[in-house]
Amino acid sequence: MERRPHSLNPAKRDRILDGMLETVGTDGYESTSVRSLLARTGLYRQAFYDNFSSKEECFLAAYDAGVARVEAVLRSAVDGESAWRGQLRAGLAALLDLLDTEPALGRALLVEVHPAGAAALAKRDAAMLRAQAFLDRGRAEAAALPDTPEAPRIAPEAVASGIHVVLHSRLAAGKPGELRRLLPEFMFVAVLPYFGSEAAHAEMRAARP
Amino acid sequence: MSYPADSPRERVLEAMLRVVAAEGYAAATIGAVIERADVSRAEFDAMFASKDLCFLAAYDALLDILVGAFREAYEAAAEESWSARMTAGLRALLELLAAEAEIARLALVDIAAIGEDARYRYRLAMDRFLSFTEEGRAAAPGAAALPEETARFAVGSGEAMVFAEIRAGRAAELPAILPDLVFTVTMPYLGPERAKEAMREV
C-alpha cells in the first residue's frame, strides 16, 4: 500500500477507527458515509483520506481494531483463572459487560458485518475460529474426568454459533437490554457438550446473580 | 424451486429469484425478469410497483417454501420422537437447498447485501423454526430448568452451520452435514449423550 505521511499519526488513525465502529454501530453500515463519520468524529476530510482510501477500507481496519479490543478484554479477564470453566465464566462475563457498556461496538462487529460484505465476514470467521479454539479446551479438561464421554468434533462450532446468534438477535433488535443476564444461559450451552447436562445445569445455577 | 401454481405472478416471483441469484441484485433488471417469466411489462407493473417490492415478495415466497419444506417433513413424522422429527425436517430442508444451490446462496448469504428489509425477513423466517425446535423441551431432561433461549441456541447454531457450508460453495453437498446438524440442533435440549444417539440414527 502507498505510504501516506499522516498515517504516522496513530492517535488520529485510532480516532477514525473508533469513530467508524461507533457510526456503523449506531447508523448501520449502509447509512454510514465518510461524511457522516467525519461529522461524528469532528475530523477533517483530509485526516480521513490521509489514512484510508474509502469507507470500505476504513471499516475493515476498524473491524480488526474492534476485534483486537474485545480479545484483549477477554485475555485480561481470563488471566486470573486456571481452570477452563473459570476462564469461560470470566471471559463471557467480561464480554457481556463490554457489550452492555458499548452496544454500538457490538452492533458494528456482530450485526453490521453482514452488509459490510465478504472481506469483513472473513475477519468475523477468523475471530469465531479463535473463540472455538478456546471453547474446545473444555474437551481436554473433561477428558481428565472419569466417565465423561467425548464431545463430537462439531461441539465448539455449535457452542460458538449458538452464543453468537443469541447476541446477534439481541443487538439486531436494537434494544439489547442487559446482556450480562445471559451469562448463566451461556455457561449452560458452553459446558453442556463437554461435561454433560448435570454439570451444565450446575454451572447455570452457579452463574446466577 | 417448484411453485404450487404457474400463474403469471408466480412465474414473475420465480424469475426474479433466478435472475438475482444469477446476476446479483444490482445487475438484475425488470426487463430480464419479465423476459424470463414471459409476461409483459404492463403485466409486471400491474402486479408490482417496483423491482424492490417484487424482490421482497419473491423472497417472502421463497422463505415460505423453505420453512414449509421443513414443517411438512417434521409434521409427517408426527408419530416419531422429537429428534426423529427434527431429523426429518432438516433432511428435507437440506435436500431442497442442495437441489437449488444458487437459490440457496441467494436466500441465506447474498441476501445480507440486499438491504435491511430483506435481512429483517430472513431473521423472521429463522424465528419460525423456533416453535418446532422448542417442542424439544418436552423431551428434555430437567425441561423446566433449561435456558429460556434454548430454541435460539439450537436454531442459531444450526443456521450458522448451513450458512458456512453455502458460503464455502458447498450448497450442493449440504445433505452430508445432516448428522452434525442433528447433533447441533438437538444437543441444547437433549444433552450430548442423547444428541449423539440422534446423530447416529441419521
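Let's start at B:Gly169, which comes after helix H9 of chain B and has a positive phi, near 85°. Keep in mind as we go that this is a predicted model.

Now step back into the helix itself. H9 of chain B covers residues 150-167, which is 18 residues. From the first C-alpha to the last, H9(B) reaches 26 Å, close to the 26 Å expected at 1.5 Å a residue. And is H9(B) mostly covered or mostly open? Mostly covered: 15 of its 18 residues are buried.

Let's move over to chain A. Chain A has twelve helices and zero strands, so to speak an α at every step from the N terminus on. If you draw a box along the principal axes, the C-alpha atoms of chain A fill roughly 65 × 35 × 30 Å. Chain A has 209 residues, and 40% of them count as buried. Looking at contacts in chain A between residues at least 6 apart in sequence, 67% join residues at least 24 apart.

Last stop, friends: the place where the two chains meet. How many residues does each chain bring to the contact? Chain A brings 25 and chain B brings 26. On the chain A side, helices H7 (113-116), H10 (155-172), H11 (183-195) and H12 (197-206) each supply at least two residues. H10(A) gives the most, with nine residues. As for the character of that side of chain A, 14 of its residues are nonpolar, nine are polar and two are charged.

That's my tour, thanks for listening!

Note on methods. Residues numbered from 1 in each chain as written. Chains lettered and ligands numbered in written order. Predicted model: local features only at pLDDT ≥ 70, side-chain atom pairs only at ≥ 80, totals over all residues. Helix = DSSP H or I, 4+ residues; strand = E, 2+ residues; numbered from the N terminus. Buried ≥ 20, exposed ≤ 12 C-beta atoms within 10 Å, placed from the backbone. Contact = placed C-beta atoms within 7 Å. Nonpolar A, V, L, I, M, F, W, Y, C, P; charged D, E, K, R; others polar. Expected span 1.5 Å × (residues − 1).
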